[in-house]
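Here is a set of exercises to work through at your own pace. Have your viewer ready, try each task, and then compare notes with the solution below it.

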Amino acid sequence: MTRLVRPDATDRRIVGAYLGRVLLGVALLHLPAIGMALVLGEVDDAAAMAVGALAATVVGRAATLRWSTEEALDWAHGLVTVALAWLVAPLPISLSFVLSGHFGSYLDAYFEAVSGLTTSGLTMLLDLDHLGSGMQLLRHLTHFAGGQGIILVVLTVLSVGGGQIGTLFVGEGRDERIVPSVIRTARLIYVIFTAWALVGTAVLWGVLVQSGMGRGSSLLHGIALFLAAFDTGGFSVHSTSVAYYHSGLLELTLVPVMLAGAVSFPLHWDLWQRRVRSATQQLDLRMLATTTTVLTLLVLVGLGVAGTYADAGALTRKGVFTALSAATNTGFSVVAGSTYDTWGQLAPGALVAIMILGSMAGSTAGGIKTIRIALIAKSILRDVRKALAPPSSVVVATYRTRRTRIVTDEQVRGAVVITLLYLVTAVGGSLLHVFHGTSIEQALFESTSATANVGLSTGAINPGNHWSVKVLTMFQMWAGRLEFLAVFALFGYAVAVVRGRRA
Amino acid sequence: MRALRPDADELRVVVGVLGRMFEATAGLHVPALVVAVAVGELRDASALLLSATLALLAGRAARRLRAPDDELRWSTGMVVVASTWLLVPVFVALPLWLSGHAAAPIDAYFDAMSGFTTSGLSLLQDLDHLGAGLQVLRHLTHFAGGQGIVIVVLTVLARGAGGASTLLVGEGRDERVVPNVLRTARLIYLIAGAWAVVGSSVLVVTLLGSGLTPWRALLHGTTLFMAAFDTGGFSIMSSSVAYYHSAAVEAVLVVLMVAGALSFPLHWLLWQRRVGDATRSLDLRTFATTTGLLGTLLVVGLAVHGTYADAGALARKGVFTAVSAATGTGFTVVAPQAWGTWGQLGPAVVVALMGIGAMAGSTAGGVKTLRVGLLAKSVLADVRRALAPTSQVVVATHRSLRRTSIVDDGQARSAFVVTLLFLGCYLAGALVGVFEGASIEAALFESVSASANVGLTIGVLVPEASTLLKAVAVVQMWLGRLEFLAAFALVGWVWQLGAAGASDVRTRLA
């Protein structure tokens, strides 16, 4: 086997320059949060965030100056940059976090930032309910940056290579230069996001005011809830998550926002252009509707069997909200972590299945993604047809995205590999939890929640964990978010740096 | 799009071939009948005679319908294979049920299915007092089912979209099914026969050495050989291999189990003394790697948990169990209730070993190491491709038995889809177990053991288990043995048959 080409100075320059830009973006992210902290008089928090922002600016600026280059970014650089970006961007954010004094260690603060940027929503905060509003905004803005960021990346950079799912969305005649393609896609994403943000935040604000909250805090909560729901993140301003509000109306409002977040942006674009029919015919959407409905019913049956809730209304409300929160990979919770003990075995089992399946590719949701499941199912059906058909006949499977296409072996191979990697990461990771004394049910739940960037928790992931559990969980969130390929590319790059051949 | 409808001729071909299988099953009863008569178990003998007669009659009746052999097409072959593994166990279940050792008919069918799929799970009651004749019959099902599935994998399944098996066999293949099958069968029985003579003799001698009477040593030696070499896992005593309390017996069995987990094409290479070619194969290397790593992890897990105070006992129990799980045999030296003392990590590693399984083209079950090896190669190639300049072509290659070839997308796709189906089957079965009230660890253990045709048990699949759980395990053993595709083909075929029948009726009514 040929050895990899060792990256030269130019390669390092390109990657370094783009990481510098990422850091500058992170510094910008701090500005609204610092503004809010100053307005509300949270001077300590403002200072903490200023330190983080300043560090990001200085390092980012230094990197862009030091490594400024005219060389074009190619796909290999893109993958490596993406993998590193999700590791570098949390650094200044976690600096701000740790200076707030709400974290037990720097590792916990870094965990929080990774969880935010991967739109997972697991938290390591010690006293969430008393965190300042500015810091809260920063936390939720990481969902926005990471969420909108990953869509951009999936539709552009990750669409090369073995993952291949991205290419289902974008046209065939692709530009070999990466930057114009990224800018074009970014413009489209932000148009859709802004429209949803304005409407969604306004409605949530109204609902919160109506439920008796002050106007000012309603606005903060509304913005935070919108960001966490639409980017399927799952951070919340209170440690009891959505259960804090005790409002059926609010839960009802959050459901469409979470679902919107789990819908792919190309599909949003179709809806935006009123191509409703083309949208509803898509295989991905149909699969999402099917799996979510079936598994939600299974959760309800499980709750019914376990007899957790005496009242059918409470059962449905808790069951459906939790199932949809899991299906969209948001991770909002209306159940206290310890309550899962009373859910029996079937309902949490179904939740694990919902979480790992995930939602549509090209959304901020994590997990395997329904399109992969659908492609695999189609391919198995084709195998059966082929086995029964005369040897000379040609049997193909087709699927519908914007137009009808043939399922190729290469796509299915890519889909199955990614699916298996998700399963192995979720199941394998649970072994470490078990090793540290967690029961296997809980371990599987937490490990899946992290790998699929969900954020639901039975409480087994908490600041008291052994450092190895925290590191593993961060790795799962990071690798799951990047759908593995970019992570492997980074490893390959590291190997090439050490022992690659000269070009 | 619809596939072609099966017509009456095709149905005749399927029934005709099934008839031959029934006759062969009757043949399987003969040695058991001889043993039963010889030791004077007349009641068992009459039950065996009855079921042999029924098998023979059914076979004869079916063969009256038979079309000539050369009309058997490869696609029909899958249907035949799937229905064979479903129907043939009936004739073994009958004498087991009549013996009174099975609490319900489904228990007897479960045992017969477990035998033919070389799983080794058993629901028989009072196994220690089952007659010698029936014991021989049970173990012969391992031999028939084990050698049978190897033939099927190398011929019929290799033709379908199974993919992984096409890596084992040569390219230039005959279009006719029957000559192909016969050629492969001859080769397999040559190898299995040689191992049988040597393996059984060594076992008999070892057992004699450990103090069994000559007659019992002969019975135990031959049945242990069949259960080990066909990676089955039935045993004459309810305490399985722990009964013998003999490290020598365990050592011999480890060698036989590993031999059973090697693919027959690999055996053929070894037979021809092409050791260099054999050791370079991807499948063998993956098998050695996964078993080595997980086996070590198991021993470490046991040591950390402190289950066995004595290092010798720890290594002996750990290694034997690891080999038994990895090869899909299911012999046990640990009582089901003793698993509780293995901690959480130990059983989890055993589940992983069982789930991965051993080499493709052997009698072992599970995902198969060839598929795992291909998966790793394929991911590595993806990484290389992602990092390489756009114009560079990156391919994954793998070493099969005779040469190095390129992993094409079609092969990789089929291999991975089958892997995923196995995982789905493991999880779905576990979900049923949980639904029936087992803990998730125990449910997963039994589900993997059944689907991967292993036979280790942690105590969920017992005669008192619900009928649903038993039925699910039967389906899992069947699906896992056939690696899904043949089973799906049967379901699709029956569906089409039904549709064709319905449209016939409609035409007549109109």
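## Exercise 1: A charged network

Asp383(A) and Arg382(A) are both buried. The model you are looking at is predicted.

**Task.** Find which residues are joined with Arg382(A) and Asp383(A) into one network of salt bridges.

**Solution.**
Step 1. Begin with the pair itself: the side chains of Asp383(A) and Arg382(A) meet in a salt bridge, at 3.6 Å from N to O. That passes the cut-off, which asks for a side-chain nitrogen of Lys or Arg within 4 Å of a carboxyl oxygen of Asp or Glu.

Step 2. Now look across to the other chain. Asp409(A) forms a salt bridge with Arg413(B), and their closest N and O atoms are 2.8 Å apart.

Step 3. Put the pieces together: salt bridges with shared partners join Arg382(A), Asp383(A), Asp409(A) and Arg413(B) into one network.

## Exercise 2: The contact between the chains

**Task.** Work out how many residues each chain brings to the contact, and which three residues supply 16% of the area that chain B buries against chain A.

**Solution.**
Step 1. Chain B gives 45 residues to the contact, and chain A gives 45 residues.

Step 2. Between them the two chains bury about 4300 Å², with 74% of it on carbon and sulfur atoms.

Step 3. On the side of chain B, the three residues are Arg384(B), Leu387(B) and Arg413(B), which supply more than any other three residues.

Step 4. For the charges, the count between chain B and chain A is two salt bridges. One of the residues from Step 3, Arg413(B), has a salt bridge with Asp409(A).

## Exercise 3: Salt bridges within a chain

**Task.** For Glu112(A) and for Asp107(B), name the salt-bridge partner and say which helices are linked.

**Solution.**
Step 1. Glu112(A) forms a salt bridge with Arg139(A), the closest N and O atoms being 2.9 Å apart. Because Glu112(A) is in helix α5 of chain A and Arg139(A) is in helix α6 (residues 133–155) of chain A, the pair ties together parts 27 residues apart in sequence. Both Glu112(A) and Arg139(A) are buried.

Step 2. In chain B, Asp107(B) forms a salt bridge with Lys470(B), with 2.8 Å between the closest N and O atoms. This pair links distant parts of the chain, 363 residues apart: Asp107(B) is in helix α5 (residues 105–116) of chain B and Lys470(B) in helix α19 of chain B.

Step 3. Check the burial of the second pair. Asp107(B) has a relative accessible area of 0%, and Lys470(B) one of 4%. Buried means under 20%, so both residues qualify.

## Exercise 4: Two helices of chain B

**Task.** Compare the spans of α17(B) and α18(B) with the expected values, then find what covers the buried residues of α18(B).

**Solution.**
Step 1. Helix α17 (residues 409–435) of chain B has 27 residues and reaches 38 Å from its first C-alpha to its last, close to the expected 39 Å. Helix α18 (residues 440–451) of chain B has 12 residues and reaches 16 Å, close to the 16 Å expected.

Step 2. Both helices are mostly covered: 19 of the 27 residues of α17(B) are buried, as are nine of the 12 in α18(B). Among the buried residues of α18(B) are Phe445(B), Glu446(B) and Val448(B).

Step 3. The cover over the buried residues of α18(B) includes α15 (345–356), α17 and α19 (467–482) of chain B.

Step 4. Look just past the ends. Gly437(B), just after α17(B), takes a positive phi of about 100°, while Asn453(B), just after α18(B), takes a positive phi of about 55°.

## Exercise 5: Rings

**Task.** Decide how the rings of Trp339(B) and Trp342(B) are arranged, and find which ring Arg138(B) lies over.

**Solution.**
Step 1. The whole structure holds 22 aromatic pairs over all chains. Trp339(B) and Trp342(B) form one that is edge-to-face, at 4.8 Å centre to centre and 65° between the planes. Both Trp339(B) and Trp342(B) are buried.

Step 2. Arg138(B) lies over the face of Phe234(B), at 4.0 Å from the ring centre.

Key
Residues are numbered from 1 along each chain as its sequence is written. Chains are lettered from A and ligands numbered from 1 in the order in which they are written. This is a predicted model: local features need pLDDT of at least 70, side-chain atom pairs count only at pLDDT 80 or more; totals for chains, interfaces and linings use all residues. Side-chain values use heavy atoms; hydrogens and water are left out. Helices (H or I, at least four residues) and strands (E, at least two) are DSSP runs, numbered from the N terminus. The expected span of a helix is 1.5 Å times one less than its number of residues. Buried means under 20% relative accessible area, exposed over 50%, partly exposed in between (1.4 Å probe, protein chains only). Rings of Phe, Tyr and Trp (its six-membered ring) pair if their centres lie within 6.5 Å; planes under 30 degrees apart count as stacked, over 60 as edge-to-face and the rest as tilted. A charge sits over a ring if NZ of Lys or CZ of Arg is within 6 Å of the ring centre and within 35 degrees of the ring normal. Contact means heavy atoms within 4.5 Å. Buried area is the accessible area (1.4 Å probe) that two parts lose on being put together, summed over both.
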